[in-house]
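Student: Got a minute to go through a model with me? I'd like to talk about its rings, cysteines and surface.

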Amino acid sequence: MKKAIYPAVFHAETVGYSVEFPDLLGCVTEGDSLPEALEMAQDALGIYLYTLCQDNKAFPPSTDPGDIKTKGKDFVTLIDWDELAYLRRVDNKAVKKTLTIPSWLNTLAEENNVNFSQVLQEALKKQLA
């Protein structure tokens, strides 16, 4: 799984902030408050980088935030992206899996009202942690 950090420039607007990523052409967003603008910046970066991943494209190099000049009340902050954390947050659609277990185990599990999906999810999370 990929991880990245990019500088974002926050521009103070009449209401809220607009946000741009100088290294990512067209990656812009906005928010009515600073917390909302920060959340929107994280989402915008996530969508942008995930799309690059899906298209098998390399991430552009990240500019040193100290090299970015701002004006007035504008400021630069770093926004990080972790592919696994992003997918956990946005890709929760259910996927059907077919699997095979011994008949005796199936009978025992059904007698004990075992939720097969829940057990498999918990086991996979433990195995992959």
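Tutor: Let's take the aromatics, then the cysteines, then the surface. This is a predicted model, so local features need pLDDT of at least 70 and side-chain atom pairs count only at pLDDT 80 or more, while totals for chains, interfaces and linings use all residues. Residues are numbered from 1 along each chain as its sequence is written, and side-chain values use heavy atoms, with hydrogens and water left out.

Student: OK, how many aromatic pairs are there in the whole structure?

Tutor: Five. A pair means rings of Phe, Tyr or Trp (its six-membered ring) with centres within 6.5 Å; planes under 30 degrees apart are stacked, over 60 edge-to-face, the rest tilted. One of the five is Tyr 50 with Tyr 86, tilted, at 5.8 Å centre to centre and 45° between the planes.

Student: What does that pair tie together?

Tutor: Tyr 50 is in helix H1 (residues 34-54) and Tyr 86 in helix H2 (residues 83-90), so the pair ties together parts 36 residues apart in sequence. Helices (H or I, at least four residues) and strands (E, at least two) are DSSP runs, numbered from the N terminus.

Student: Is Tyr 86 buried or exposed?

Tutor: Buried, at 10% relative accessible area; Tyr 50 is partly exposed at 23%. Buried means under 20%, exposed over 50%, partly exposed in between (1.4 Å probe, protein chains only).

Student: And why is Phe 59 with Trp 81 edge-to-face?

Tutor: Because their planes are at 65°, with ring centres 5.8 Å apart. Phe 59 sits in the loop between H1 and strand E4 (75-82), and Trp 81 in strand E4, 22 residues apart. Tyr 50, Phe 59, Trp 81 and Tyr 86 form one aromatic cluster.

Student: Switching topic: how many disulfides?

Tutor: Zero, where a disulfide is a pair of cysteine sulfur atoms within 2.5 Å.

Student: Why no bond for Cys 27?

Tutor: Its closest cysteine sulfur, in Cys 53, is 13 Å away, too far for a bond. Cys 27 is buried at 4% relative accessible area, and Cys 53 counts as buried at 14%.

Student: Last one: which helices supply at least two residues each to the nonpolar patch?

Tutor: H3 (103-111) and H4 (116-128), with H4 giving the largest share, four residues. The patch covers about 870 Å², and Trp 104 and Phe 116 are among its residues. Leu 105, in H3, is partly exposed at 35%.

Key. Patch = residues over 30% accessible without salt bridge, like charges linked within 9 Å, V, L, I, M, F, W, Y side chains within 5 Å. Areas by Shrake-Rupley, 256 points an atom, 1.4 Å probe, with all protein chains shown as cover. Salt bridge = Lys/Arg side-chain N within 4 Å of Asp/Glu carboxyl O.
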